[in-house]
Amino acid sequence: MGMKVKDVMGKVAIAVRMDASFADLVDTMRRFKVGAVTVIDADRRPVGVVSEDDILLKEIDTGGSLFESRRTRTEHRKAAGTTASEIMSTPAITVTGGTPVRDAARLMHRNRIKQLPVIDPMSGRIVGTVHQGDLLRVFARPATDMRSEIDEIADRMAVDTADLEIVVEAGMVTMRGKVGRRSQIRPFLHAVRGVDGVIEVDADLAFEIDDLLIAPPLL
């Protein structure tokens, strides 16, 4: 099956309490060399995140004006804050260890963030952190692992691989040969493209039975 966050995540939960000071936030980011820290409550549940952008508002904020947007007012509030609870952005965007790596990558891309707190699905408590760099490890996945997953997909979809030559190298999957039915080709290739670590699929497949052919009506 596809790789999960638990397969690539860091086991260190980079987090601070809600009452952490501005200096504590800066020190934590510098010590762990991260661009954001998770803010947790007394039960270790994520409630927000403080990013480098939030910290830098202290330097660039020039004060309020009579006519300003809601976003600008929020930035002024953060710039004036002295504790994590006053500076953080909410809510905290989280994943669990069972979240697919692809879904975590989409969350990061959609929200323009580079790390996510990982929580226990039962308690909601933080158990680790997954960084953008951790997700890139999926592209260094061994070819043997990807080939095994492709074979599992073929078995699940009843695709006979006896007449197929499948080569996996550097994320490229090359397929040559023949499958049983024409209708199997498209869904099989779609599933193979979804395998973690696969960058591209080059396929030249024939078929024994054209089960997509529509017979003309009898006159």
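Here is a walk through this predicted model, from its overall make-up to a few local spots.

Let's start with the broad count. The protein has 9 helices and 9 strands. Of its 219 residues, 36% are buried. If you take the contacts with a separation of 6 or more, 59% of them are between residues 24 or more positions apart.

Now look at the sheet made by S7, S8 and S9. These 3 strands form an open sheet in the order S7-S8-S9, and the pairing is mixed. The edges are S7 (164-169) and S9, each of which pairs on one side only. On average, neighbouring strands here are turned by 15° against each other, ignoring direction. Strands of a sheet pair through backbone hydrogen bonds, and they can do so either parallel or antiparallel. S8 and S9 are a parallel pair, joined by 9 bridges. To find your place along S9, look for Asp202, which has Thr174 standing opposite.

Two helices lie across this sheet. H8 lies across S7 and S8, running at about 145° to S7. H9 lies across S7, S8 and S9, and runs at about 155° to S9.

While you're in this part of the model, have a look at the charged pairs. Side chains of opposite charge can pair when their charged atoms come close. A search of the whole structure turns up 9 salt bridges, and three of them make a nice tour. Within H8 (residues 143-156), Asp151 and Arg147 form one, with their closest N and O atoms 3.0 Å apart. These two are 4 residues apart in the helix, so about one helical turn separates them. Asp151 is partly exposed at 26% relative accessibility, and Arg147 is partly exposed too, at 29%.

Asp210 and Arg182 make another salt bridge, at 3.1 Å from N to O. What does this pair tie together? Asp210 sits in the segment after S9 (200-209), while Arg182 is in the loop between S8 (172-181) and H9 (185-193), so the bridge links parts that are 28 residues apart in sequence. Asp210 has a relative accessible area of 26%, which makes it partly exposed. Arg182, at 37%, is also partly exposed.

For the third, move to H2 (residues 22-32). Arg31 and Asp27 form a salt bridge there, their closest N and O atoms lying 2.9 Å apart. As in H8, the partners are 4 residues apart, so there is about one helical turn between them. Arg31 counts as exposed, with 52% relative accessibility, whereas Asp27, at 41%, is partly exposed.

Next, turn to H6 (residues 101-111). Which of its residues are buried? They include Val101, Ala104, Leu107 and Met108. Looking down the axis of H6, the buried residues fall within an arc of 120°, so they line one face of the helix. The face turned away from that buried side carries the exposed residues His109 and Arg110. As for what covers the buried residues, the list includes helices H1 (5-8) and H7 (132-135), along with strands S4 (95-96), S5 (115-119) and S6. Just past the helix comes Arg112, which has a positive phi, near 55°.

S6 is a good place to finish, because Thr129 sits in this strand (residues 126-131) and is buried, with a relative accessible area of 1%. Where do the polar atoms of such a side chain go? The side chain of Thr129 reaches two backbone atoms: the oxygen of Val12 at 3.3 Å and the nitrogen of Ile14 at 3.2 Å. Val12 and Ile14 also appear among the residues in contact with Thr129 once its neighbours within four places in sequence are left aside. That list also has Met9, Gly10 and Ala13, and it goes on to Gln115, Leu116, Val118 and Asp134.

Note on methods. Residues numbered from 1 in each chain as written. Predicted model: local features only at pLDDT ≥ 70, side-chain atom pairs only at ≥ 80, totals over all residues. Heavy atoms only, no water. Buried < 20%, exposed > 50% of the residue type's maximum accessible area, 1.4 Å probe, protein only. Polar contact = N/O pair within 3.5 Å; in protein donor to acceptor, adjacent residues only side chain to side chain. Contact = heavy atoms within 4.5 Å. Arc of directions from axis to C-beta. Salt bridge = Lys/Arg side-chain N within 4 Å of Asp/Glu carboxyl O. Pairing = 2+ DSSP bridges. Axes fitted to C-alpha atoms, helices over the stretch in contact; angles between N-to-C directions.
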